[in-house]
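Biologist: Could you take a close look at the aromatic rings for me, and at what surrounds them?

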Amino acid sequence: MAIARLPLIVIDCPDPGALARFYGAMLDWQVDASTDRASACGENGQCISFHRVDDYTPPVWPSQERPQQMHLDVIVDDLDAAGAAVVDLGATRHPDQPGTSYQVFLDPAGHPFCLCLH
């Protein structure tokens, strides 16, 4: 029997509403936002929550100068098409691309995330 369940992931950022809208658009999830907190949730109950942090400093990837601490991998069918779409939403393609079956991007708050082939 599980001790706990994982209902959502919480990500610190400077602008919760903006980051929720970014991930909501990328994943086609519903967004709910207030001043200090926001969330993006899918119909299946998966959610990502975003909390405002004053003086937020984004991670530096891949160095450990400011460790990433976590990142999201999302599955896509076409890396190039998905990459162009997330850039249109506000992501930045990271210059360091160490793999061939995935691509590394930074969300609008600087968190690394990967688009991965299924």
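Modeller: Here's a walk through the ring pairs and then the sheet and helices. This is a predicted model, where local features need pLDDT of at least 70, side-chain atom pairs count only at pLDDT 80 or more, and totals for chains, interfaces and linings use all residues. Residues are numbered from 1 along each chain as its sequence is written, and side-chain values use heavy atoms, with hydrogens and water left out.

Searching the whole structure gives five aromatic pairs (ring centres of Phe, Tyr or the six-membered ring of Trp within 6.5 Å; planes under 30 degrees apart are stacked, over 60 edge-to-face, the rest tilted). Phe22 and Tyr23 sit edge-to-face, at 5.0 Å centre to centre with 85° between the planes. Tyr23 and Phe50 are stacked instead, at 5.7 Å and 15°. That second pair links distant parts of the chain, 27 residues apart: Tyr23 is in helix 1 and Phe50 in strand 4 (residues 47-52) (DSSP runs numbered from the N terminus: helices are H or I, at least four residues; strands E, at least two). Tyr23 counts as buried because its relative accessibility is 2%, and Phe50 is buried at 0% (buried is under 20% relative accessible area, exposed over 50%, partly exposed in between, with a 1.4 Å probe and protein chains only). Phe22 is buried too. Ring pairs join Phe22, Tyr23, Phe50, Phe105 and Phe113 into a cluster.

As for the sheet, strand 5 and strand 8 (residues 112-117) pair in the parallel sense over five bridges (pairing takes at least two DSSP bridges between two strands). Asp73 stands opposite Cys114 in strand 8.
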